[in-house]
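This report describes a protein model step by step, from a single pair of residues to the arrangement of whole chains. Please keep the structure in view while reading.

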Number of protein chains: 2
Amino acid sequence: MKPNYQLDVAEDCSRAVKRTCHTNPSVSCGDCRLGELCLPIALDAQEIGHLDEIVKRGRNLKKGDYLYREGDEFNSIYAIRAGSFKTFKSSWDGVEQVTGLYLPGEILGMDGISNNRHGGSAVALETGSFCEIPFHQLEELSARIPSLQGRFFRLMGQEIVKDQQMLTLLSSNAAEERVAALLLSISSRNHRRKLSPFNFRLPMTRAEIGSYLGITLETVSRVFSRLSKQNIVAVDNKEIQVLDISALKAVAKVKMGCS
Amino acid sequence: MKPNYQLDVAEDCSRAVKRTCHTNPSVSCGDCRLGELCLPIALDAQEIGHLDEIVKRGRNLKKGDYLYREGDEFNSIYAIRAGSFKTFKSSWDGVEQVTGLYLPGEILGMDGISNNRHGGSAVALETGSFCEIPFHQLEELSARIPSLQGRFFRLMGQEIVKDQQMLTLLSSNAAEERVAALLLSISSRNHRRKLSPFNFRLPMTRAEIGSYLGITLETVSRVFSRLSKQNIVAVDNKEIQVLDISALKAVAKVKMGCS
DNA sequence: GTTGTTCCATGATTTAAGTCAACAGATTTT
DNA sequence: AAAATCTGTTGACTTAAATCATGGAACAAC
């Protein structure tokens, strides 16, 4: 059985001739290889043209740079082209609570829509690039292009579903389930992006993972050790190799994004 | 200091002469006393008229009746007029996970938008009534009425924010914080509805509250006992009286809907 | 009203995860 | 390349909440 995914982004880019690499900042939505994951799905060529006009493409960030901060005025949503981002809130006591992990092709920043103010912050976990889509222009365009409106409704609905899955994950306890579910989620999202679902690098530290999953970093570490000992995954620092995906699913009791 | 809220719904209804009671099934959106909480905010009279044409008003349910079930085809969203509802998912092992609590003026069912299938079930926690809004008609109308589109974007955004607040509540542990936050949330939502923020009846059992908050029913019960002993709230079964709201906020470390 | 359920409170015990602490490996900085 | 900082692992101990168990109160059905 041959894997139908490329092993890494660089390799994929070198293959692409006319579509150009997605890390090329000037590539338009129609040519972006993330097209079938990002906002434009379900739009025809002409509609994508309109969308292209309002999208500010190819902004780059390095690790630790903010996309926006908690309390910032909300102006745009962001489509990730490369790299990974986390969203988080700082609680009264300054402790940061990770609320989301976002990978290429995913949309960020919808937490600002209801109040015109971002409810949390978003930072790059590594060097990355993104497109900025001014929201009021998107709204105007949506009113004129029903399929875009529909697409955006669906996108927001997806965010709701995702958050609610996370919610059930966090209330039905068990540290192991949570960690396993996160690994499966990353795995399946990688698969969607035509990357290996079995080998990937965790973009977050143990502390960030713990914060996201509502457990301590020590517990995260111990769970990795246990899963390792059972030969379910191989863990080398942030490098993860899934050895037995069905066992991993059993541990997770299949909650989050099932592949 | 005089309270500016009515003590209960019945009293409020008896006062209303031309607006008619909101439990009257035939009252239109323009006249519904929930107007300023529900979908129509930000619409003018004519737009509300259009909305009225697609809304199926005044459906009634009794305790335990389903609004929709997990896996059902998604057709409509629902606006609650009276009563309260919970949403939940059943996990593989049949254990039910409460994912949301909905009160009058709130909108239910947006979890179906992305997949055309409801991700969870919704049932009435007590006798209640609601309006059904067929989603595809709402979409069409939204494409023609920009302010309705905007309103709905905002409404979905609100759901996202709400879920993320819940998420941070569940990861930053402490049973007491969670219970306190839930009480404050209900309190402030009651306030918005011009009901007492200090006296209310919990619509859920201890088991449901526990499931929602990711703790056991015994823990919920113990937390109530402790808060009671500290004279922060008076608890008589489901009847709650908030005695010291600032102390309650301190316990909650102010997380969920702050009043 | 009586009977049968469901719901709630509380005690005793167990357990999973948190906390504290020390050290080793990585990564950055200079 | 050395120093300094951040990140990850593991152990020992503590603790908050889960589990198990009982009795009583509230509610529904008949």
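Which residue stands opposite Lys86(B) in E5(B)? The residue that faces Lys86(B) there is Leu101(B). Like everything that follows, this pairing comes from a predicted model.

**A sheet of chain B**

The strands E4(B), which covers residues 85-90, and E5(B) run antiparallel and are joined by 6 bridges. Both belong to an open sheet of 4 strands in chain B, with the order E2-E7-E4-E5 and antiparallel pairing. At its edges are strand E2 (66-68) and strand E5 (96-102) of chain B, and each of them pairs on one side only. On average, neighbouring strands in this sheet are turned by 30° against each other, direction ignored. Helix H6 of chain B, residues 206-213, packs on the sheet and touches E4 and E5 of chain B. The direction of this helix makes about 95° with that of E5(B).

**A sheet of chain A**

Chain A contains an open sheet of 3 strands, ordered E9-E11-E10, again with antiparallel pairing. Strand E9 (199-201) and strand E10 (233-236) of chain A have a single partner strand each, so one side of each is left without a neighbour in the sheet. Here, neighbouring strands are turned by 15° against each other on average, direction ignored. Strand E11 of chain A, residues 239-242, runs antiparallel to E10(A), and 4 bridges join the two. Within this pair, Val233(A) has Val242(A) as its bridge partner in E11(A).

The two sheets are set side by side below.

| Sheet | Strand order | Average turn between neighbouring strands |
|---|---|---|
| 3 strands, chain A | E9-E11-E10 | 15° |
| 4 strands, chain B | E2-E7-E4-E5 | 30° |

**A buried helix**

Why is helix H6 of chain A described as largely enclosed by the rest of the structure? Of its 8 residues (206-213), 7 are buried, so the helix is largely enclosed. A residue counts as buried when its relative accessible area is under 20%. The buried residues of H6(A) are Arg206(A), Glu208(A), Ile209(A), Gly210(A), Ser211(A), Tyr212(A) and Leu213(A). After H6(A) comes Gly214(A), which has a positive phi near 70°.

**The nonpolar cores**

The largest nonpolar core holds 66 residues, and Leu183(A) and Leu183(B) have the most contacts inside it. Leaving aside residues up to four places away in sequence, Leu183(B) touches Phe200(B), Leu202(B), Phe224(B), Leu227(B), Val233(B), Ile240(B) and Leu248(B). Another core, of 52 residues, lies apart from the largest one and includes Ile77(A), Ile145(A), Leu148(A) and Cys38(B).

**Chain A as a whole**

Chain A has 8 helices and 11 strands. Of its 259 residues, 56% count as buried. Among the contacts in chain A with a separation of 6 or more, 71% are between residues 24 or more positions apart. The accessible surface of this chain comes to about 11,200 Å², and carbon and sulfur atoms account for 49% of that area.

**How the two chains are related**

A turn of 180° with a shift of 0.0 Å along the axis lays chain A on chain B with an RMSD of 0.0 Å. This is the relation of a two-fold axis. The C-alpha of Ala143(A) is the one nearest the axis in chain A, at 2.5 Å from it. The same surface serves both copies, since 100% of the contact residues of chain A recur in chain B.

Key: Residues numbered from 1 in each chain as written. Chains lettered and ligands numbered in written order. Predicted model: local features only at pLDDT ≥ 70, side-chain atom pairs only at ≥ 80, totals over all residues. Heavy atoms only, no water. Core = buried A, V, L, I, M, F, W, Y, C linked by side-chain atoms within 4.5 Å. Buried < 20%, exposed > 50% of the residue type's maximum accessible area, 1.4 Å probe, protein only. Contact = heavy atoms within 4.5 Å. Least-squares fit on C-alpha atoms with pLDDT ≥ 70 in both. Pairing = 2+ DSSP bridges. Axes fitted to C-alpha atoms, helices over the stretch in contact; angles between N-to-C directions. Areas by Shrake-Rupley, 256 points an atom, 1.4 Å probe, with all protein chains shown as cover.
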